[in-house]
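Student: I would like to go through this model term by term. For each label, please tell me what it rests on.

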Amino acid sequence: MVKAAANRFIYLDYAATTPVDLQVAEFMAGFLTREGVFANPSSIHAPGQQAARAVEIAREQLAGLLNVRPADLIWTSGATESDNLAIIGGAHYRGRRGKHLVTMKTEHKAVLDAFAALQREGFEVSYVAPNESGLVSMDVLRAALREDTQLVSIMYVNNETGVVQDIEAIGNICRERDILFHVDAAQAVGKVALDLQALPVDLLSLTAHKFYGPKGIGALYVANRPGCQVEPILFGGGQERRLRPGTLPVHQIVGLGLAAELAASSLQDNWLHMSKLRHRLLAGISQLPGLLVNGDESERSYPGILNISALGVEGESLMLALAPVCVASGSACNAKNAEPSYVLRALGRDDATAQSAIRFSFGRYTTLAEVDFAAARYCEAIVSLRSIAKGLE
Amino acid sequence: MADRDVAYNERVLECFSAPRHAGPLTPGGPVYSGRAQESAAGARVVLLCHSDGDHISEMRFSAWGCPHFIAAAEWLCRELESQPLAQLNEFDIRSVQRLLAVPVEKTGRILTLEDALEALKASLSQPKTQ
């Protein structure tokens, strides 16, 4: 059994995943064992219907966070599946009208790989480039659209840089042309105030584990408007309007629902807390020369994600030197793949700059003291690694 | 992010966190050096040494690269410092890969270190003035 020993770390990798809120974990436990609500929600007997009611309450909780109709939400296993269902299912639904699709070079692999699969089926995909801040220009987007474009997919908050795209403007462009608009909002839901009644979004992907819910559960929002639909990509049952068959994981769904409710009550506080932490970290490392923030430094950025390159430093070494501070690097960062981040390369960063990038991501439980420690550790590590490399020039 | 306890063995962690051979040589005496680079944006290293004619009296390095690479350079310096010059020809660079459990995907970086070592041997074979 793997021993839990997380407390010896300073965890600044909340964009990778968040711990499950204690209230959520305790609530979920009531839906697992014989004493709890364990039955299959598709069953018509009383315990099954009790489970079905719990599922619908969770759907209402999530609908409240997004300001949508509960009926427009489909449970999935997470954002990857939601992205696949939206993109592949949406393209298949619209495929008779046209075969052209548009996305960005800086999307998550779950999106890019879904588009790659569609290309193998014969669809054409245009990958638009961001500006050096990571934002897509509306002129660039318009230029990529064609008469036969059927679907556009652009993420809300970038997982590496925290850049926030102008979803409303992009959505309006898509609506003018009756193009399905999908948003990967894995890094936005539960952190950024979203009102999908006001935003022109057709399909939106989310996952619970980014906002203190459990891993393995997510949802896809499908707007209730003519021409907006997806075809299933999994088959085997009638659950979730036949769009996503499979026995519903009630304990995970209720966990997502409660996590959504808790997030809805703290959105403004969360933003303020993230802003304080970001400014504190930046202030703590500002004396170091040769730093470069990757992303947008204006208001079009989620403050809980801060991506910084340190010139003359290699990312994997920096990550190890930062221990016990846990962060993510600008490369794939494992022993098998030290390729620089394709997201940072798309922003125009050279390999060395991209390789030196570190992503700090803060969360509900991050303290100013932890950020101060991380800033000091970062400064020490940069000075040390630059010292080791001194003499190579 | 890889779990550091899994990704790096104790020897790597020790050499990486305390690279006492990183930096310049003590001033004075001829300086011998060997330099190598994995690729345009890849790992790079320079090995430096002093020699009294029979022994490697002091050895230092500068490096840019992953923890395995820095640890390997440090380990190599530790192993060769104070050794007879002949030890340079005996030194098995692959032993560094084994001892530091360098993943096979990073073999290129160990070979880069080997190139630097070869360049250092070539430098030592040339007459030097201070």
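Tutor: Let us start with a hairpin: β1(B) and β2(B) form one, with six residues between them. This is a predicted model, in which local features need pLDDT of at least 70 and side-chain atom pairs count only at pLDDT 80 or more, while totals for chains, interfaces and linings use all residues. Residues are numbered from 1 along each chain as its sequence is written, and chains are lettered from A and ligands numbered from 1 in the order in which they are written.

Student: What makes β1(B) and β2(B) count as paired, and in which sense do they run?

Tutor: Two strands pair if DSSP finds at least two bridges between them; strands are DSSP runs of E of at least two residues, and helices runs of H or I of at least four, numbered from the N terminus. Six bridges join β1(B) to β2(B), which run antiparallel, so the condition for pairing is met. As an example, B:Arg35 is opposite B:Val46 of β2(B).

Student: How do you know that β2(B) pairs with β3(B) as well?

Tutor: By the same test: eight bridges connect β2(B) and β3(B) in the antiparallel sense. One residue pair is B:Leu47 with its bridge partner B:Phe61 in β3(B).

Student: Why is one side of β1 and of β3 of chain B left without a neighbour in the sheet?

Tutor: The open sheet has three strands in the order β1-β2-β3 (chain B), paired antiparallel. β1 (32-37) and β3 of chain B are at its edges with a single partner strand each, so one side of each has no neighbour in the sheet. From one strand to the next the twist averages 15°.

Student: Which residues of β1(B) are on the covered face, and which on the uncovered one?

Tutor: B:Tyr32, B:Gly34 and B:Ala36 make up the covered face, whereas B:Ser33, B:Arg35 and B:Gln37 make up the uncovered one. In a regular strand, side chains alternate between the two faces of the sheet. Helix α6 (residues 107-125) of chain B lies across β1 and β2 of chain B, at about 150° to β1(B). Such angles run from 0 to 180 degrees between N-to-C directions, with axes fitted as lines to C-alpha atoms, for helices over the stretch in contact.

Student: What makes A:Val164 count as buried?

Tutor: A residue is buried if 20 or more other C-beta atoms, placed from the backbone, lie within 10 Å of its own, exposed if 12 or fewer do, and partly exposed in between. A:Val164 has 23 C-beta neighbours inside 10 Å, so it is called buried. A:Val164 is in the loop between β5 (149-153) and α6 (167-176) of chain A.

Student: Which residues is A:Val164 in contact with, leaving aside its neighbours within four places in sequence?

Tutor: Contact requires C-beta atoms, placed from the backbone, within 7 Å. On that basis A:Val164 is in contact with A:Tyr156, A:Val157, A:Arg300, A:Ser301 and A:Tyr302.

Student: Why is α9(A) described as largely enclosed by the rest of the structure?

Tutor: Eight of the eight residues of α9(A) are buried, so the description follows. Among them are A:Gly315, A:Glu316 and A:Leu322.

Student: Which strands of chain A does α9(A) touch?

Tutor: The sheet in question is open, with four strands in the antiparallel order β9-β10-β13-β12 (chain A). Its edge strands, β9 (291-293) and β12 (328-329) of chain A, each pair on one side only. α9(A) packs on this sheet and touches β10 (305-310), β12 and β13 of chain A, at about 45° to the direction of β13(A).

Student: What puts the buried residues of α2(B) on the same side of that helix?

Tutor: In helix α2 (residues 10-17) of chain B, the buried residues are B:Val12, B:Cys15 and B:Phe16. They cover an arc of only 100° around the axis, which places them on the same side of α2(B); the arc is taken from the directions from the helix axis to the C-beta atoms. Their cover includes α9 (315-322) of chain A and α3 (67-80) of chain B.

Student: How many residues of chain B are in contact with chain A?

Tutor: The contact involves 22 residues of chain B and 23 residues of chain A. β3(B) gives the most to this side of chain B, with three residues. The side of chain B that touches chain A has 16 nonpolar, two polar and four charged residues. Here Ala, Val, Leu, Ile, Met, Phe, Trp, Tyr, Cys and Pro are nonpolar, Asp, Glu, Lys and Arg charged, and the others, Gly among them, polar.

Note on methods
Two residues are in contact if their C-beta atoms, placed from the backbone, lie within 7 Å.
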